[in-house]
Amino acid sequence: TSTFEFKADVGNAVVEGILRYHPFLYDEETYPADSINVDNDNSQGDEIVEIDKLLGRGNRPIFECYWNGRLIPYTLQSLDWCMRKPNSTIPPECFSRFSGVLWTNTSFEVTQNKLTFQDALDKKLNEPKVAYTVLVGNQYRRGIDDLFKKWLDECHNNYDKEIKFLEFQELIRREEGVAKNKCYPWSVFNGVEFSNQIFKCGQKIKTTKTAPIMIGTITRFLCWGSFDVKKDQNVFGTSGYFEMERE
């Protein structure tokens with residue numbers, strides 16, 4: 001799982017944090033589901049029920065918090081820089097696929113029972129004067145907004161296997177329109193299933209996000225890579241292409 005490590009300089013104190021991405025794989029979210037115990041008179045013990053399985057993180061807080069090395073029952077819903085902006089091109093569901101942890105030290109005062117912070121941690125971390133840095137390679141860099149957006153976009157493109165490619169046909173070599181190091185192998189499929197919709201070869205379509213708008217018939221679907229499958233079997237992938245015969 002890809003991670004995003006950062007630090008926040010808050011006056012004379014430092015908060016360290018990390019985000020983990022939980023991708024969509026093979027028909028379901030992989031964000032860890034909460035479990036609750038339910039009394040069941042018909043069973044020998046309690047029944048474990050998973051909740052929010054289909055929603056990724058859902059309405060749960062992003063961050064768990066440690067104080068002086070100790071996990072405390074204080075959670076932080078979000079931070080300004082990791083919330084989706086109105087003009088974002090990253091799908092909204094990706095913002096429910098990461099969880100995080102924050103580590104604080106004794107510079108942050110907690111209540112006597114050590115259950116929460118005396119001052120709201122989220123307000124401190126969202127103040128404009130807080131200096132964030134992000135671990136890139138072996139160095140910490142500024143610009144957390146852009147670096148977070150880049151990280152999340154890469155996670156979505158590289159790890160979310162949301163497209164179900166239907167009915168594998170063959171491996172081919174492509175020469176036109178691809179980089180030299182990506183001429184082979186390309187897997188050919190008869191269809192795809194995506195967002196509860198199925199598209200098949202021979203289907204007539206009309207594009208809406210191309211200039212000019214095109215109308216035509218799908219001839220084949222392509223996915224980069226070789227899969228350990230037999231003819232007419234299905235696989236999941238992160239992205240792909242289709243070719244069409246224009247009218």
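Among contacts in the chain between residues at least 6 apart in sequence, what percentage join residues at least 24 apart? The figure is 62%, where a contact means heavy atoms within 4.5 Å. The structure is a predicted model, in which local features need pLDDT of at least 70 and side-chain atom pairs count only at pLDDT 80 or more, while totals for chains, interfaces and linings use all residues. Residues are numbered from 1 along each chain as its sequence is written, and side-chain values use heavy atoms, with hydrogens and water left out.

The overall form comes first. The chain holds two helices and 18 strands; these are DSSP runs numbered from the N terminus, helices being H or I runs of at least four residues and strands E runs of at least two. Its radius of gyration is 23 Å, well over the 18 Å that the globule rule gives for 247 residues, so the chain is more spread out than a compact globule. This radius is taken over C-alpha atoms, and the rule is 2.2 Å times the number of residues to the power 0.38. Along the principal axes, the C-alpha atoms fill a box of roughly 70 × 55 × 30 Å. The accessible surface comes to about 15600 Å², with 46% belonging to carbon and sulfur atoms, as given by the Shrake-Rupley method with a 1.4 Å probe, only the protein chains shown counting as cover for residues. Of the 247 residues, 35% count as buried (under 20% relative accessible area; exposed is over 50%, and partly exposed lies in between, with a 1.4 Å probe and protein chains only).

Turning to the interior, the largest nonpolar core has 37 residues, and Phe-4, Phe-6, Leu-19, Trp-81, Phe-98, Leu-125 and Phe-148 touch the most other members. Such a core is a set of buried Ala, Val, Leu, Ile, Met, Phe, Trp, Tyr and Cys residues joined through side-chain atoms within 4.5 Å. Elements giving two or more residues to this core include β1, β7, α1 (121-125) and α2 (144-159), and α2 gives the most, with six residues. Apart from it lies another core of ten residues, among them Ile-163, Phe-189, Ile-218 and Cys-223.

Leu-121 offers a local view of helix α1. At 1% relative accessibility, Leu-121 counts as buried. Leaving aside residues up to four places away in sequence, Leu-121 touches Cys-65, Tyr-74, Leu-76, Leu-102, Thr-104 and Phe-108.

The aromatic rings come next. Rings of Phe, Tyr and Trp (its six-membered ring) pair if their centres lie within 6.5 Å; planes under 30 degrees apart count as stacked, over 60 as edge-to-face and the rest as tilted. By this rule the count comes to 23 aromatic pairs. Phe-6 and Phe-63 form one edge-to-face pair, 6.4 Å centre to centre with 80° between the planes. This pair links strand β1 (residues 3-10) with strand β7 (residues 63-67), 57 residues apart, and both Phe-6 and Phe-63 are buried. Phe-189 and Phe-227 are also edge-to-face, at 6.3 Å and 65°. Phe-189 lies in strand β13 (residues 186-194) and Phe-227 in the loop between β16 (215-224) and β17 (235-237), so the pair ties together parts that are 38 residues apart in sequence. Phe-189 is buried, with a relative accessible area of 0%, whereas Phe-227 is partly exposed at 26%.

Charges meet rings as well. The charged end of Arg-57 sits over the ring of Phe-98, 5.0 Å from its centre, and that of Arg-174 sits over the ring of Trp-186, 4.5 Å from its centre. The criterion is NZ of Lys or CZ of Arg within 6 Å of the ring centre and within 35 degrees of the ring normal.
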